[in-house]
Amino acid sequence: MSFRITVTDHDDIGFDCEEDETVLDAADRAGYAIPYSCRKGVCSSCEGGIAAGEAMVRGQGVQAGPAEGVKLCQARPLTDLQITPRIQKVEPVERKTLEAKVRKITRPAPDVAVIQFRLPIGQRAPFRAGQYLRVVMEDGDSRNYSMANPPQKNDGIELHIRHVPGGKFSEQVLSKLDKGQFLTVELPYGEFCLSDNDDMNAVLLATGTGFAPIKSLIENQIALGAERPLKLYWGVNTEADLYMADVAARWAAAHPWISFTPVISSPSDGWDGRTGFVHRAVLEDIPDMSNVEVYACGAPVMIDAARSEFEAEAGLAKDRFFSDAFVASGDEE
Ligand SMILES: Cc1cc2nc3c(=O)[nH]c(=O)nc-3n(C[C@H](O)[C@H](O)[C@H](O)COP(=O)(O)OP(=O)(O)OC[C@H]3O[C@@H](n4cnc5c(N)ncnc54)[C@H](O)[C@@H]3O)c2cc1C
Ligand code: FES
């Protein structure tokens, strides 16, 4: 059985949604983009209203219109629905499920694993720089991880995974994962991609393994021969956590349009670079953000602070802040 989804103030938009399908998945399938990030009901990026009709929303119960703040990534219709999200027409998303073979695992920092995968001969990973994939585990539960390689190198996949103590994937699965083994991955997901505003400075702000999609974004720009000014700020706890500082320093040395500022919150006595919260370092350097875009990735607490303080103190426009918060992405969340 399927239900009809219509959109307030958009008479031209309508699509069908199966009863066991989420409104976000049905919109994707029909070629409509609703903003989202985690797709697991945690980050709130996909919140919209229900003007009329009823839906069962995981974590929010039955929501009947008029209702606001409904997580459309978790909403399954119980009747036809009229919704009020931000929405636009795009190409329908075509996702692939691939068996990715582990080529190499390195541990460049105490709690970070970098995994290189090779895809079966002739297979390519379809994604845009900044997007993420889902690793699907044997019981069907999945975890989100951002691609760290640029799309030009899509015969493989590179992931940067931070160890979460007791974590089902980052500890239990990863501790047994070895070269030659396979993982099932589903991609692409996500909207953390650079806009077309090439004349505007882009501040790329990462904490920890939030560096992964930023690496993909920067290597993509280099491969395209683009010269958009990119200011990378990477915040970590200690020097040892800057697990690819050499890579970032090489980008900055080779390309005058890239700058790299590492920021350490708990530095050793020998550190003579920037210290403190990474988003405060950005504010010190760029007190006027009327002509910049910000792309922030990693810890949700950094993303929330950066968004509110950049808007309040530096005049950053709301629609120029883009983010992927690395919230917990397990099904039970
Ligand atoms: C869009 C997106 C992209 C992501 N990309 C990356 C990436 O590139 N690299 C990366 O390292 N991680 C990334 N994450 C986080 C990742 O998806 C997992 O949530 C994380 O690896 C934990 O999974 P786990 O199975 O090890 O832990 P789980 O078994 O899911 O969790 C164990 C415990 O830790 C808590 N927990 C889980 N994740 C976090 C967290 N991030 N912060 C604080 N507590 C947590 C859980 O609530 C639970 O109590 C991303 C998340 C999202 C939403
Ligand atoms: S995309 Fe729906 S809550 Fe994150």
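**Exercise 1. Identify the strands that strand 4 joins, and place the pair in its sheet.**

The structure is a predicted model. Begin with the pairing itself: strand 4, residues 47-52, is joined to strand 7 by 3 bridges, and the two run antiparallel. One residue pair illustrates this: Gly48 has Val70 of strand 7 as its bridge partner. Next, consider the sheet as a whole. It is an open sheet of 5 strands in the order 2-1-9-4-7, and its pairing is mixed. Its edge strands are strand 2 (10-18) and strand 7 (67-71), each of which pairs on one side only. From one strand to the next, the twist averages 40°.

**Exercise 2. Determine which strands helix 1 lies across, and which of its residues are buried.**

Helix 1 comprises residues 23-30 and lies across strand 1 (2-7), strand 2 and strand 9 (81-84). Relative to strand 2, helix 1 runs at about 115°. For burial, the criterion is that 20 or more other C-beta atoms lie within 10 Å of the residue's own. The buried residues of helix 1 are Val23, Leu24, Ala26, Ala27 and Asp28. The cover over these residues includes strand 1, strand 2, strand 3 (32-33), strand 8 (75-77) and strand 9. Finally, examine the position just after the helix: Gly31 takes a positive phi of about 85° there.

**Exercise 3. State how the chain is divided into domains, and explain why ligand 1 lies between two of them.**

The domain assignment gives domain 1 (2-89), domain 2 (96-189) and domain 3 (201-325). Between domain 1 and domain 2, the C-alpha centres lie 29 Å apart. Turn now to the ligand. Ligand 1 is surrounded by 26 residues, the closest being Gly167, Phe169, Ser170, Ala328 and Ser329. Two or more residues of this shell come from each of strand 14 (142-146), strand 15 (156-162) and helix 2 (168-176). By character, the shell divides into 10 nonpolar, 11 polar and 5 charged residues. Domain 2 and domain 3 both give residues to the shell, and therefore ligand 1 lies between them.

**Exercise 4. Explain why strand 15 is described as largely enclosed, and find the strand with which it pairs.**

Count the buried residues: 6 of the 7 residues of strand 15 are buried, so the strand is largely enclosed by the rest of the structure. As for pairing, strand 15 and strand 12 (residues 112-118) pair in the antiparallel sense over 7 bridges. One of the residue pairs is Arg118 with Gly156 of strand 15.

**Exercise 5. Describe the sheet of 6 strands and the helices that lie across its strands.**

First, establish the order. The sheet is open, its strands follow the order 20-19-18-17-21-22, and the pairing is parallel. Strand 20 (274-275) and strand 22 (321-325) are the edge strands, each pairing on one side only.

Second, consider one pairing within the sheet. Strand 17 (residues 201-207) and strand 21 (residues 292-298) run parallel and are joined by 6 bridges. Leu204 has Tyr295 of strand 21 as its bridge partner.

Third, add the helices. Helix 4 (residues 245-254) lies across strand 18 (230-236) and strand 19 (258-264), and runs at about 150° to strand 19. Helix 6 (residues 300-314) lies across strand 17, strand 18, strand 21 and strand 22, and runs at about 160° to strand 21.

How values were computed
Residues numbered from 1 in each chain as written. Chains lettered and ligands numbered in written order. Predicted model: local features only at pLDDT ≥ 70, side-chain atom pairs only at ≥ 80, totals over all residues. Pairing = 2+ DSSP bridges. Helix = DSSP H or I, 4+ residues; strand = E, 2+ residues; numbered from the N terminus. Axes fitted to C-alpha atoms, helices over the stretch in contact; angles between N-to-C directions. Contact = placed C-beta atoms within 7 Å. Near = placed C-beta within 6 Å. Nonpolar A, V, L, I, M, F, W, Y, C, P; charged D, E, K, R; others polar. Domains from an automatic or database assignment. Buried ≥ 20, exposed ≤ 12 C-beta atoms within 10 Å, placed from the backbone.
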